[in-house]
Amino acid sequence: MSYSNDHPIRLIGGRLALDLVNTADWSEDSEVVHEKIESLEDLGVWLQAFGLSDVALPATAEAFRAFRADLRQFLRSEDRPHLLRLQREVGAWTANGGIARPSLSGLAIMSAFSIVADPRELGRVKTCPGDNCGWMFVDETKNSRRTWCLMETCGNRAKAARHYQKIREERNIS
Ligand SMILES: [Zn+2]
């Protein structure tokens, strides 16, 4: 499945909260460099790909993106102000929707809390070091050896960069 901009939807985080964060690519200072959720339709397609249906969505794509930024900040730092803001946002959406079904934000926050409430789980959360990637995932490999979100994107790009660097160095030497 793909977003409306034709980017394939990739679910690599292993947890709802992490995969939601990965609906954008992030710079090192946590700015969005590539946005995948241009509209609520994109979010709808994403939810379908994730296998979640019948959840209450935020009112606008902007509201979702603000929530997602807080969610990422919280997951990366366990920052208390962000935690409080997250809870407020859930409240705002709930009041809006008069909810009889779970909200996406509520589920995402439960997912995020269950990660940070478990030190072993939190210790396995990693952020991909790829250039302008910033995707997050739980490293579930035996020896914590996973580095990249995906080998076929960031892993290979880094390998190619190292390769060219090596060639450049060899040329400089000779
Ligand atoms: Zn990556």
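Two strands count as paired here once DSSP finds at least two bridges between them. Keep that in mind for the hairpin view below; and note that everything shown comes from a predicted model.

**View 1. The whole chain, before we zoom in.** The protein chain has seven helices and four strands. Reading from the N terminus, the elements go α-β-β-α-α-α-α-α-β-β-α. Of its 174 residues, 26% count as buried. Take the contacts with a separation of 6 or more: 55% of them are between residues 24 or more positions apart.

**View 2. The hairpin of strand 1 and strand 2.** Strand 1 covers residues 24-26 and strand 2 covers residues 32-35; the two run antiparallel and are joined by three bridges. That clears the cut-off of at least two bridges, so the strands pair. At one spot in this pairing, Ala24 sits opposite Glu35 of strand 2. Between the strands there are five residues, and in this hairpin Ser30 is the one to look at if you like backbone torsions: its phi is positive, near 60°.

**View 3. Helix 2 and its two sides.** Helix 2 spans residues 40-50, and Asp42, Leu43 and Trp46 are buried in it. These three cover an arc of only 100° around the axis, so they end up on the same side of helix 2. As a general rule, an α-helix has 3.6 residues a turn, so residues three or four places apart point the same way. What do the buried residues of helix 2 pack against? Their partner is helix 3. Flip to the other side of helix 2 and you find Glu41 and Gln48, both exposed.

**View 4. Just past the end of helix 2.** Here the residue to pick out is Gly51, which comes just after helix 2 and takes a positive phi of about 95°.

**View 5. Helix 3 alongside helix 5.** Packed helix pairs are generally described by two things, the angle between the axes and the distance between them. For helix 3 (residues 61-77) and helix 5 (residues 104-116), the axes come within 10 Å and cross at roughly 10°. That makes helix 3 roughly parallel to helix 5, since angles under 35 degrees count as such.

**View 6. Who touches whom between helix 3 and helix 5.** From helix 3 come Phe67, Leu71, Phe74 and Leu75; they meet Ser105, Ala108, Ala112 and Ile115 in helix 5. How many charged residues take part in the contact of helix 3 with helix 5? There are no charged residues, one polar residue and seven nonpolar ones.

Note on methods. Residues are numbered from 1 along each chain as its sequence is written. This is a predicted model: local features need pLDDT of at least 70, side-chain atom pairs count only at pLDDT 80 or more; totals for chains, interfaces and linings use all residues. Axes are lines fitted to C-alpha atoms, for helices over the stretch in contact, and angles run from 0 to 180 degrees between N-to-C directions. Angles under 35 degrees count as roughly parallel, over 145 as roughly antiparallel, 65 to 115 as roughly perpendicular and the rest as oblique. Two residues are in contact if their C-beta atoms, placed from the backbone, lie within 7 Å. Ala, Val, Leu, Ile, Met, Phe, Trp, Tyr, Cys and Pro count as nonpolar, Asp, Glu, Lys and Arg as charged, and the others, Gly among them, as polar. A residue is buried if 20 or more other C-beta atoms lie within 10 Å of its own, exposed if 12 or fewer, and partly exposed in between; C-beta atoms are placed from the backbone. The arc is that of the directions from the helix axis to the C-beta atoms.
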